[in-house]
Amino acid sequence: MNYLHMGLVLFLILVFLPVGVLMAGAGPNYKADGAAELISEDYSRGLITRADRIYYNLQTMYAPEALPDRYKSQVVSPMKSGTPLINEAIDNWDLLNPDQQAVLSSYLARPTLQLTFISLDGKFAIHYDTSGLNSVPLEDLDADSIPDYIERIGQYADSAYRFYQIDLGFLPPPDDGDSLYDFFVFRIGNYYGGTVRESAGDSSWGDWSSHIEIHNTMAFAPPNDDPEGPVVGALKVTCAHEYFHATQMAYAYKPSPDLWWTEGTAVFFENKTYDEVNDHYCYLPYFFNYPDTSLIDTNYFSWTYHDYSTFIWPTYLVEKFGIGIIRNVWEYLRWYDVLPSLDSALYPFGKTVQAIFPEFTAWNYFTQDRADTAYYDDGADYPHILIDQVVLTCEFTGLTAYRPPDGLASNYILTVNNPSGNGLLMLRFDGSNSVKWGFSYITFDDDIADLTTGCAVSSVGKTDCAIYDFARYDSMVFIPCVVSQWQDDNPYVFDTEIHPFGDVDGSGAVNILDVTYLMNYLYKNGLPPKYAYYMGDTNCNGQINILDVSYLVSYLYKSGPEPCGYRD
């Protein structure tokens, strides 16, 4: 691919498209005035209390016909999981008035359904109706008197159990007394499913029993790639997703600040269990269109879909460190919060979240036509990351972010190389000193991409790194990121500066001091050339020796040729 052309195209997009258009999700519009968004709008305007919002949100799931008329939307918006809304209600029970508590208690109780099917592996009881409002599709191709829809749920639940508990060694959900885990299949608005936390377990770390609720038809399922159709695909990923929520509760219930991790890992495992469905691709725009939004940003409102899109983080962790790291994180989560648990799981690899986050942000550039299996296996299916801005010359000053990054977030700055000189390009990044920064960059020489994640950033947010012989590259991408978790919209100023070949001491100019510096390096155990070794290779033959000193003296005092860049 011609990356120069790519850069110019992106520049035109950034200049001529409004920011609002560029930021809009590339996937389905899940926010088109559905009931949940109408409730959110009234809450944000102060028209309803938080207790009302909690109450109405659960009505969208359990009794949409009981909603006030203003929230009865004609828009059928598929909702991924009701689990966050259920947990919010349980966590804030005291905010609700007695009437609201009574109604929600009836919603959260286990429903009474007509029939029960035991999965073939004997692990799950699936409860369902064959008539009335909660009736499941009655198709029964094998004529065994069990609707295929219910047999599928048993099959998919058994597969999730074998994968999570047997193959990967996760703890099973706490027993509710009969050794069977219960699924209830009934009408739950336009939600795929939900996991209802019930009773505290008997462990010392705070586990919980639960049951799972699955929609009885999935008739609203959006398109996915399942060869058997979107309804079957939605059923597969819902069983895997919600059963991973139940598995999480074997370790500890994690409240709202950790929602990004609980939902992100549930989406990750639904895809690992049923790779053919690709329902998770619907959520990727909510990450890749908003790289300046914190990875750990948490919102109860499930239609924002950021929490689901964060499956990209466990995907990176698994492809980098192996699938066992996710279980290790959950083992630590019995005692600690998410970020300390991630650091503990990374410790055997000699890593921390702050250390690997710059690499993670760089991986996110290698998608679609830029995909490389050295990074994400499925990167070709992921959208492009949003470029914060495009710069048409590689020497620039005073660059600031259009969308400054939050904690654990990033920007992407594309430079289409139009050099005004040759030599070494100094990167003078200066970020807010109230947060910790990381900095990566990618250089492109035709189709060859070279990733550098080790550009050091000081404790006050300044870089001290450079790109040797930068003029050889078609384009470069600079990726500043905040590696600490706190604060939104962190500002920075970014300059670049060209140092000519022969500037051995890094002063920005070539003079007699460079001759002295080079002599000290060669004969007096002095420091090597600053910023890049080959800055001392003034005659560009691939070696540094006395001939480079002579070449430099000839240039300075005898009208000799300019120092040049070594290219292997």
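## The six-stranded sheet

Let's start with an open sheet of 6 strands, whose order is S1-S5-S6-S4-S3-S2 and whose pairing is mixed. Strand S1 (79-81) and strand S2 (115-118) sit at the edges, each pairing on one side only. Going from one strand to the next, the twist averages 25°. Keep in mind that this is a predicted model.

Inside the sheet, strand S4 (residues 181-186) and strand S6 (residues 208-215) run parallel, joined by 4 bridges. One pairing to look for is Phe 186, whose bridge partner in S6 is His 215.

## Helices against the sheet

Helix H5 (residues 83-91) packs on the sheet, where it touches S1 and strand S5 (191-200). The direction of H5 makes about 35° with that of S5.

Helix H7 (residues 148-167) packs on the sheet too, touching S2, strand S3 (124-128), S4 and S6. Its direction makes about 155° with that of S3.

## A loop residue: Ser 135

Between S3 and H7 there is a loop, and Ser 135 lies in it. Is Ser 135 buried or exposed? With a relative accessible area of 17%, Ser 135 is buried, since the cut-off for buried is under 20%.

Not counting residues up to four places away in sequence, Ser 135 touches Asp 129, Thr 130, Asn 216 and Thr 217. Ser 135 and Arg 187 are 52 residues apart in sequence, and their C-alpha atoms are 8.3 Å apart in space.

## Nonpolar cores

In general, nonpolar side chains in soluble globular proteins tend to be buried together. Here the largest nonpolar core has 97 residues. Ile 150, Ile 153, Phe 183, Trp 261, Trp 313, Leu 317 and Leu 342 have the most contacts inside it.

What does Trp 261 touch, leaving aside its neighbours within four places in sequence? The list is Trp 313, Pro 314, Leu 317, Ile 326, Val 329, Trp 330, Leu 333, Val 338 and Leu 342. Apart from the largest core lies another one, of 29 residues, including Ala 35, Ile 54, Phe 184 and Ile 188.

## Strand S11 and its partners

Further along the chain comes strand S11 (residues 437-445). Of its 9 residues, 8 are buried, so S11 is largely enclosed by the rest of the structure.

S11 runs antiparallel to strand S14 (residues 475-482), with 8 bridges between them, and Gly 438 stands opposite Cys 481 in S14. S11 also pairs with strand S12 (residues 448-452) in the antiparallel sense, over 5 bridges; here Ile 442 stands opposite Leu 451. The hairpin of S11 and S12 has 2 residues between the strands, and in it Asp 446 takes a positive phi near 55°.

## Cysteines, bonded and free

How many disulfides are there? The count comes to 2, and their pattern along the chain is 1-2, 3-4. In one of them, Cys 455 and Cys 465 have their sulfur atoms 1.8 Å apart. Cys 455 lies in the loop between S12 and strand S13 (465-468), and Cys 465 in S13, so the pair ties together parts 10 residues apart in sequence. Cys 455 is buried at 6% relative accessible area, and Cys 465 counts as buried at 10%.

The other disulfide joins Cys 540 and Cys 564, with sulfur atoms 2.0 Å apart. The torsion about its S-S bond is about -85°, so this disulfide is left-handed. Cys 540 counts as partly exposed, at 26% relative accessibility. As for Cys 481, it is in no disulfide, and the nearest cysteine sulfur, that of Cys 455, is 11 Å away. Cys 481 is buried, with a relative accessible area of 0%.

Key. Residues are numbered from 1 along each chain as its sequence is written. This is a predicted model: local features need pLDDT of at least 70, side-chain atom pairs count only at pLDDT 80 or more; totals for chains, interfaces and linings use all residues. Side-chain values use heavy atoms; hydrogens and water are left out. Two strands pair if DSSP finds at least two bridges between them. Axes are lines fitted to C-alpha atoms, for helices over the stretch in contact, and angles run from 0 to 180 degrees between N-to-C directions. Contact means heavy atoms within 4.5 Å. Buried means under 20% relative accessible area, exposed over 50%, partly exposed in between (1.4 Å probe, protein chains only). A nonpolar core is a set of buried Ala, Val, Leu, Ile, Met, Phe, Trp, Tyr and Cys residues joined through side-chain atoms within 4.5 Å. A disulfide is a pair of cysteine sulfur atoms within 2.5 Å.
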